[in-house]
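Here are a few short exercises to work through with the model open beside you. Try each task before reading its solution.

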Amino acid sequence: MPQYNNPALIQPDREMPRRIGIIGAGTIGPDIGYYLKSAIPGLNLVLIDISRDALDRAVGRIYAYADKGVARRKLTPEQAEGVRQNIKASVNYDDLAGCDWVIEAATENIELKKQIFSRVEDIAGRDCMITSNTSSIPAHSLFSHLRHPGRTTVTHFFAPAFRNPVVEVIDWEQADPGFIRRLRRLFYMTGKVPMITRDVVCFMLDRIFDNWCNEAGFLLAGATPAQVDHAAGSYVHAGPFFVLNMSNGNPIIIETNSLQAELEGDHYLPAAVFQEAIDRGQGTGRDNSGHPQSENEGQKWDETGKWLTIKPGENMDAPQAVVAEIRDRLLGVLFSQTVDILDRDIGAASDLELGCRLAFAFRQGPLELMRALGDKESTRILDKFCAQRPGMPGAQRPLRAYQDFHRFILVDELDGVKIITLRRPEALNALHDEMTDEILALLKQYEDDPYTTGFVITGYGVSAFSAGADIGRFPSMLGDRKQCIEYARVCSRLLVYLDNCSKPVVAALNGMALGGGLELAVRCHGIVAVKDAWLQFPEITLGIAPGIGGMVIPYRRWPDAAPAFHGMLLRAEKMTATAALGLKVIDRLADTHEALLPDAIRRVGELAGKRRGLADAPVSIAPPPAVGDEPRSFNGQRISAAVSAVIRQAVSDAAAAASLDEALELGYAAFAESAATAAAREGISAFMEKRKPEFID
Ligand code: COA
């Protein structure tokens with residue numbers, strides 16, 4: 001298992017690849033190509049396939065993605081042009097010469113893949129990394145025959161590969177540890193979430209997903225696809241049959257479950273109904289066996305073999321007993337696979353949970369579902385499943401024992417410093433209660449530990465430290481002042497703890513620090529940042545005021561920088577890391593991401609033993625500027641005059657408050673006042689609905 005939990009701690013041993021080859025121009029090949037082209041500027045991409053038509057379509061696909069990227073403002077026109085350049089589409093393997101990395105994304109056929117890798121090994125240089133995108137075939141079956149297997153492994157992407165951040169990186173017995181580390185770092189630096197997984201059939205995540213789909217297939221003996229998807233809808237965005245339709249997944253389930261059955265036992269055999277659906281789609285009309293079809297047949301599929309099911313979010317009437325039976329069975333297979341993965345150390349619990357959310361759009365991972373149901377109910381479901389499906393793995397320990405892990409933070413230790421990484425990439429590391437509690441518990445655990453000098457708090461990835469407090473929590477409390485004040489107070493528990501923590505805590509800003517994320521950073525005892533990080537209080541653009549110290553702490557720590565903070569609070573102005581350094585808001589700028597955590601650790605050392613106090617008396621600051629009738633944010637967006645006035649008043653009152661506690665309470669109350677405005681309702685709704693707010697005071 002990895003030396004460091006946060007891949008940012010892996011120091012580079014090579015430059016980024018300059019020339020990458022992808023074999024297979026189907027769907028995932030060009031999708032991987034687009035991800036790489038948009039993440040690595042100047043990259044030469046070589047696409048190889050036996051079909052010219054497939055290559056032309058693949059290049060067209062990459063071009064179309066670049067156009068879409070510009071339309072959605074994810075790429076600048078210059079970046080899009082960079083994506084379109086330097087793509088070579090070829091039917092000749094010799095064009096792979098000079099590649100730093102070759103990724104195979106061809107048909108799932110072991111013999112074909114082995115031949116491809118032998119050929120690649122003859123053409124590519126000794127240092128070229130060689131990986132396969134298989135979703136099920138173990139790495140040792142693909143690479144053991146090669147002369148230099150140390151630079152080979154499986155890198156398993158999830159669809160759509162340019163947007164889905166998950167990549168499983170298989171740590172197999174002959175792979176060089178340095179090579180696995182390099183891949184992990186490379187993926188991390190290019191915006192992916194790499195998950196190290198053992199070399200077993202279907203790795204980690206497809207053991208969950210494929211078996212879940214397969215179980216859904218067996219359930220069709222007594223239910224319809226729509227009923228199955230309906231029953232799964234309580235914890236996934238889309239049920240198994242909807243996803244199988246979208247991804248043409250029936251043959252994949254047959255392939256992967258057959259392989260699992262071959263290697264691990266017949267209980268993994270695919271449900272016959274998947275082959276029947278394929279036959280139906282090919283117009284043969286009857287199932288393979290020639291047996292009469294079940295009475296539900298009419299409700300299973302249409303004439304093209306597509307499952308007849310409901311859309312995500314769509315409801316239906318279904319007999320309760322049927323839904324309960326389906327629910328138990330689908331949860332049963334999830335729980336069975338989960339305990340097996342953890343008992344066999346196939347992957348980490350936190351990766352499993354995150355992977356299910358990111359790769360399969362589960363609203364909750366299996367362990368979260370288990371926790372919510374409680375030990376007794378989860379044990380009932382798992383035991384029932386194991387009895388119904390002999391051979392399927394059961395728990396080796398009490399279910400409670402599987403729950404002991406950090407879900408939303410990663411923890412590392414370096415030179416006596418605990419590094420806490422906020423990891424919630426699906427929400428740009430936005431802080432919520434459970435993440436806050438995990439950080440707090442860790443600080444409490446190690447504050448008195450003589451071997452711990454201090455702490456660093458950083459964010460996962462290369463773009464966000466934290467995008468703030470979780471906005472998803474807001475709608476339920478808007479307008480309820482008492483609840484809002486209580487929310488702000490409770491949310492502040494970590495920050496108040498930091499005020500009094502006897503060991504230094506340094507924020508390492510790996511990217512943007514927004515709203516509640518910035519309120520966390522300024523409460524740390526020191527801040528270091530990468531050069532391209534920035535600080536912002538966007539709350540005013542949501543129609544609210546920052547609730548947990550944003551209108552208080554910056555003024556008490558850096559009163560001379562008050563005019564800059566006024567601009568941030570009243571106009572959502574961004575403060576670049578360089579400007580923040582000039583104002584002494586941050587202590588140090590790291591030139592690169594590699595330098596950030598070592599710099600932060602050094603800063604912990606410098607701060608050790610030094611008491612830092614926040615002003616516990618009134619502070620004198622430049623008064624906030626007057627708020628006009630039609631205030632606008634720094635980029636011209638209309639904002640609410642009422643909320644601006646609340647912020648302005650709170651800043652002045654908090655600066656004049658006799659104590660820090662009093663000032664913080666004023667801040668909580670001002671947040672509650674802002675949250676009672678019509679602007680708050682509009683701003684938060686607009687964010688949730690992904691539209692621009694229209695503030696009318
Ligand atoms: N709380 C909850 N979810 C958040 C979030 C927050 N503070 N900030 C971002 N997210 C989520 C988004 O909703 C989105 O989720 P989705 O993929 O399910 O739709 C995901 O993170 C990625 O964000 P997205 O907006 O698609 O990325 P972007 O690169 O286009 O924009 C930001 C990045 C930071 C500009 C934008 O996410 C934003 O404005 N976030 C809110 C920041 C804020 O106001 N923070 C203060 C809150 S106190």
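**Exercise 1.** Does Tyr487 count as buried or exposed, and at what relative accessibility?

*Solution.* Keep in mind that this is a predicted model. The cut-off for buried is under 20% relative accessible area. Tyr487 has 10% relative accessibility, so Tyr487 counts as buried.

**Exercise 2.** Classify the aromatic pair of Phe474 and Tyr487, then place both residues in the chain.

*Solution.* Start with the burial of the partner: Phe474 is buried, at a relative accessible area of 6%. Next, the geometry: the centres are 5.8 Å apart and the planes make 90 degrees. Planes over 60 degrees apart count as edge-to-face, and that is the class of this pair. Finally, Phe474 sits in the loop between β12 (464-466) and α17 (481-491), while Tyr487 belongs to helix α17, so the pair ties together parts 13 residues apart in sequence.

**Exercise 3.** How are helix α8 (residues 225-232) and helix α9 (residues 240-247) oriented, and which residues meet?

*Solution.* The two axes come within 7 Å and cross at roughly 110 degrees. Angles of 65 to 115 degrees count as roughly perpendicular, and α8 and α9 are therefore roughly perpendicular to each other. From α8, Pro225, Val228, Asp229 and Ala232 meet Pro240, Phe241 and Phe242 of α9. By class, this contact has 6 nonpolar, no polar and 1 charged residues.

**Exercise 4.** Which ring lies under the charged end of Lys418?

*Solution.* Look at Tyr446: the charged end of Lys418 sits over its ring, 4.2 Å from the centre. Likewise, Lys192 lies over the face of Tyr35, at 4.3 Å from the ring centre.

How values were computed: Residues numbered from 1 in each chain as written. Predicted model: local features only at pLDDT ≥ 70, side-chain atom pairs only at ≥ 80, totals over all residues. Heavy atoms only, no water. Axes fitted to C-alpha atoms, helices over the stretch in contact; angles between N-to-C directions. Helix = DSSP H or I, 4+ residues; strand = E, 2+ residues; numbered from the N terminus. Parallel < 35°, antiparallel > 145°, perpendicular 65-115°, else oblique. Contact = heavy atoms within 4.5 Å. Nonpolar A, V, L, I, M, F, W, Y, C, P; charged D, E, K, R; others polar. Phe/Tyr/Trp six-rings, centres within 6.5 Å; stacked < 30°, edge-to-face > 60°. Buried < 20%, exposed > 50% of the residue type's maximum accessible area, 1.4 Å probe, protein only. Lys NZ or Arg CZ within 6 Å of the ring centre and 35° of its normal.
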